[in-house]
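Me: I'm new to this structure and would like a close look at a single part of it. Could you pick one helix, walk me through it, and then show me how the rest of the chain fits around that picture?

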Amino acid sequence: MKSNPVIAFGVLVLLLTFSAPIARRVARSERDPRLYSLVMGAAVAHLFFTVVQIWVVDHVYHGIADYTRYLNQAAVLGRHFDRFDFSVSSVGPILGNGSVGIAGGVVMAIVGVNKLATMWVFSWLAFLATVCFYKAFAVTFPDAPRR
């Protein structure tokens with residue numbers, strides 16, 4: 001599965017652009033301007049280490065990883081979803097591992113069959129979940145030290 005670097009770079013720029021207001025809002029809500037740099041650094045780290053993960057799986061493990069199967073399923077579904085064919089019979093059962101292929105297929109229907117761009121989208125969603133967990137902690141335990 002080849003990745004178009006132009007599309008992948010566009011996705012990267014878009015994700016970092018979406019990250020900046022999130023980082024600003026977290027820093028403003030905590031009244032700590034240093035958090036902006038920390039949250040943006042976390043976003044960049046998530047996206048950078050996605051590239052490292054892909055390289056390690058491709059070159060050290062020779063493509064043997066769970067995400068390889070998920071991305072292959074997503075590529076098939078993404079091509080179907082592009083044609084407004086929402087049949088998921090090629091994935092197998094929807095519950096369990098099939099749902100990961102479906103989610104990847106939705107992303108690939110938007111960004112195209114592009115491993116790097118798709119992995120960046122899911123890595124960014126993991127970053128967003130980390131921010132949400134932090135905010136949930138801050139709301140639930142307002143007196144707890146947040147460092």
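Reply: Happy to. Let's start at the N-terminal end of helix α5, where Asn-114 acts as a cap: one of its side-chain oxygens sits 3.3 Å from the backbone nitrogen of Leu-116. Keep in mind that this is a predicted model.

From that cap, follow the helix along. Helix α5 runs over residues 115-140, which makes 26 residues. From its first C-alpha to its last it reaches 37 Å, close to the 38 Å expected at 1.5 Å a residue.

Now, which residues of α5 are buried? Early in the helix you'll find Lys-115, Ala-117, Thr-118, Met-119, Trp-120 and Val-121 among them. Ser-123, Trp-124, Phe-127, Val-131 and Ala-138 are buried too. As you look at that list, it helps to know that an α-helix has 3.6 residues a turn, so residues three or four places apart point the same way. Try picking out Trp-120, Trp-124, Phe-127 and Val-131 in the view, which are among the buried residues of α5.

Let's zoom out for a moment. The chain has 5 helices and 0 strands, and reading along the sequence gives α-α-α-α-α. Its C-alpha atoms fill a box of roughly 50 × 30 × 30 Å, taken along the principal axes. Of the 147 residues in the chain, 33% are buried. Take the contacts between residues at least 6 apart in sequence: 68% of them join residues at least 24 apart.

What about the outside? The chain exposes about 9200 Å², and carbon and sulfur atoms supply 69% of that area. One spot to find is a nonpolar surface patch formed by Val-44, Phe-48, Phe-49 and Val-52, with about 360 Å² of accessible area together. Val-44 belongs to helix α2, residues 34-59. Val-44 counts as partly exposed because its relative accessibility is 43%, which falls between the 20% and 50% cut-offs.

Finally, have a look at two loop residues. Arg-31 sits in the loop between α1 (5-30) and α2, and its phi is near 55°, a positive value in a residue other than glycine. Phe-84 lies in the loop between α3 (66-82) and α4 (97-111), and it also isn't a glycine, yet its phi is positive at about 60°. Are they buried or exposed? Arg-31 is exposed, with a relative accessible area of 75%, and Phe-84 is exposed as well, at 67%.

Technical notes. Residues are numbered from 1 along each chain as its sequence is written. This is a predicted model: local features need pLDDT of at least 70, side-chain atom pairs count only at pLDDT 80 or more; totals for chains, interfaces and linings use all residues. Side-chain values use heavy atoms; hydrogens and water are left out. Patches are made of residues with over 30% relative accessible area and no salt bridge: like charges are joined within 9 Å, nonpolar side chains (Val, Leu, Ile, Met, Phe, Trp, Tyr) within 5 Å. Accessible areas come from the Shrake-Rupley method with a 1.4 Å probe; for residues, only the protein chains shown count as cover. A salt bridge is a side-chain nitrogen of Lys or Arg within 4 Å of a carboxyl oxygen of Asp or Glu. Helices (H or I, at least four residues) and strands (E, at least two) are DSSP runs, numbered from the N terminus. Buried means under 20% relative accessible area, exposed over 50%, partly exposed in between (1.4 Å probe, protein chains only). The expected span of a helix is 1.5 Å times one less than its number of residues. A polar contact is a pair of N or O atoms within 3.5 Å; within protein, one must be able to donate a hydrogen and the other to accept it, and residues adjacent in sequence count only if both atoms are side-chain atoms. Contact means heavy atoms within 4.5 Å.
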